Amino acid sequence: EWFVEIRQNGVIFGLEFAHPQGAKYVMRHLYENGVWAIFSTLDPRVLQYKPGLLLKPELAEEMLDRTEIAIGKAYAEVCSLSRSA
């Protein structure tokens, strides 16, 4: 329901969320965890990653772990906001 799709074009990939501003919430939580990603200006549901070509597998794995945490926190935040609205 929250995480919808993975998009990819070469080394650039995006995560699409069901919430109309979902990527903005996840982006903020990622930034707080030391990962830089940005929402698409064309579609704020999509979070874009533009990794360096020399990214080591260990760092990629760590980024995925941090992304999983950020998605969970963003989902909890959006659910909390929805309940209080």
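**Strand β2, Glu16 and the nonpolar core**

Glu16 has Val46 of β4 as its bridge partner (helices, H or I of at least four residues, and strands, E of at least two, are DSSP runs numbered from the N terminus). The model is a predicted one, with local features needing pLDDT of at least 70 and side-chain atom pairs pLDDT 80 or more, while totals for chains, interfaces and linings use all residues. Residues are numbered from 1 along each chain as its sequence is written, and side-chain values use heavy atoms, with hydrogens and water left out.

Glu16 itself sits in β2. Strand β2 (residues 12-17) runs antiparallel to β1 (residues 3-9), with six bridges joining the two; pairing here takes at least two DSSP bridges between strands. The two strands make a hairpin with two residues between them, and Gly10 in the turn shows a positive phi of about 70°. Asn9 stands opposite Ile12. β2 also pairs with β4 (residues 46-49), again antiparallel, over four bridges.

As for its surroundings, Glu16 is buried at 7% relative accessible area (buried is under 20%, exposed over 50%, partly exposed in between, with a 1.4 Å probe and protein chains only). Its contacts (heavy atoms within 4.5 Å), leaving aside residues up to four places away in sequence, include Trp2, Phe3 and Arg45.

Then there is the largest nonpolar core, with 16 residues; Trp2, Phe17, Val26, Leu30, Leu47 and Tyr49 have the most contacts inside it. Such a core is a set of buried Ala, Val, Leu, Ile, Met, Phe, Trp, Tyr and Cys residues joined through side-chain atoms within 4.5 Å. β2, α1 (22-32), β4 and α2 (57-84) each give two or more residues, and α2 supplies the largest share, five.
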